Amino acid sequence: MSNVKATSVDLSWKPPSDGGAPITDYTVEYKATSQYRWIKAADGVSDTSYRVTDIVEGYDYEFRVAATNRAGTGTFSEPSKSVLVKEKIGSSVSSHSWLKF
């Protein structure tokens, strides 16, 4: 994650293995750590980065991504490490697996 602001977070990730069919797009989801339900931030993201907006300052959030190719949408990545959303400078948090925030 980078560019963490009061109401947005910039995400970027490395594409997973495509299983032999090119990845066409990604689905990005997020949730407050105090919640159970994932919220779809975007579907059809064609790049390996996305700015999640409309989140609420002062809450911890987790993010995850799923890749889609002609075989369908794969499983979601492991959730990112949580990040407290607030105005700050130079934030960077890394996660695990193929998803790099």
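This report describes the fold, the core, the charged and aromatic pairs and some exposed loop residues of one protein chain.

**Overall make-up**

The model is predicted. The protein chain has seven strands and zero helices. Read from the N terminus, its elements follow the order β-β-β-β-β-β-β. Of the 101 residues in the protein chain, 41% are buried. Among contacts with a separation of 6 or more, 60% are between residues 24 or more positions apart. The exposed area of the protein chain is about 5,700 Å², and 46% of this area comes from carbon and sulfur atoms.

**The nonpolar core**

The largest nonpolar core consists of 17 residues. The residues with the most contacts inside this core are Leu-11, Trp-13, Val-28, Val-52, Ile-55, Tyr-61 and Phe-63. At least two residues of the core come from each of β1, β2, β3 (39–45) and β5.

**Aromatic pairs**

The structure contains two aromatic pairs. One of them is formed by Trp-13 and Tyr-26, with 5.3 Å between the centres and 70° between the planes. This arrangement is edge-to-face, because planes over 60 degrees apart are counted that way. Trp-13 sits in the loop between β1 (8–12) and β2 (25–32), whereas Tyr-26 belongs to strand β2. The two residues are 13 residues apart, and their pair links distant parts of the chain. Trp-13 has a relative accessible area of 4% and is therefore buried. Tyr-26 is also buried, with a relative accessible area of 4%. Trp-13 is thus one of the residues with the most contacts inside the largest nonpolar core and a member of an aromatic pair.

**Salt bridges**

The count of salt bridges is four. The table gives three of them, with the distance from N to O.

| Residues | N to O distance |
|---|---|
| Arg-64 and Glu-29 | 2.7 Å |
| Lys-31 and Glu-62 | 3.4 Å |
| Asp-43 and Lys-40 | 3.9 Å |

The salt bridge of Arg-64 and Glu-29 links distant parts of the chain. Arg-64 lies in strand β5 and Glu-29 in strand β2, 35 residues apart. Both Arg-64 and Glu-29 are buried.

What do Lys-31 and Glu-62 tie together? Lys-31 is in strand β2 and Glu-62 is in strand β5, so their salt bridge joins parts that are 31 residues apart in sequence. Lys-31 and Glu-62 are both buried.

For the bridge between Asp-43 and Lys-40, the distance refers to the closest N and O atoms. Is Asp-43 buried or exposed? Asp-43 counts as exposed because its relative accessibility is 51%, and the cut-off for exposed is over 50%.

**Charges over rings**

Two residues of these salt bridges also lie over aromatic rings. Arg-64 is placed over the face of Phe-76, at 4.3 Å from the ring centre. Lys-31 is placed over the face of Trp-38, at 5.6 Å from the ring centre. Arg-64 therefore takes part in a salt bridge with Glu-29 and also lies over the ring of Phe-76, while being buried.

**Exposed loop residues**

Asp-54 is located in the loop between β4 (49–53) and β5 (60–69). Its phi is near 65°, which is a positive value in a residue other than glycine. With a relative accessibility of 68%, Asp-54 counts as exposed.

Arg-70 is in the loop between β5 and β6 (72–73). This residue counts as exposed because its relative accessibility is 75%. Which residues does Arg-70 contact, leaving aside neighbours within four places in sequence? The contacts of Arg-70 are with Gly-20 and Ala-21. The C-alpha atom of Arg-70 is 10.0 Å from that of Asp-18, and the two residues are 52 residues apart along the chain.

Thr-75 is part of the loop between β6 and β7 (83–84). Its relative accessibility is 71%, so Thr-75 counts as exposed. Not counting residues up to four places away in sequence, Thr-75 touches Val-65 and Ala-66. Thr-75 and Arg-64 are eleven residues apart along the chain, and their C-alpha atoms are separated by 10.0 Å.

How values were computed: Residues numbered from 1 in each chain as written. Predicted model: local features only at pLDDT ≥ 70, side-chain atom pairs only at ≥ 80, totals over all residues. Heavy atoms only, no water. Helix = DSSP H or I, 4+ residues; strand = E, 2+ residues; numbered from the N terminus. Buried < 20%, exposed > 50% of the residue type's maximum accessible area, 1.4 Å probe, protein only. Phe/Tyr/Trp six-rings, centres within 6.5 Å; stacked < 30°, edge-to-face > 60°. Lys NZ or Arg CZ within 6 Å of the ring centre and 35° of its normal. Salt bridge = Lys/Arg side-chain N within 4 Å of Asp/Glu carboxyl O. Contact = heavy atoms within 4.5 Å. Areas by Shrake-Rupley, 256 points an atom, 1.4 Å probe, with all protein chains shown as cover. Core = buried A, V, L, I, M, F, W, Y, C linked by side-chain atoms within 4.5 Å.
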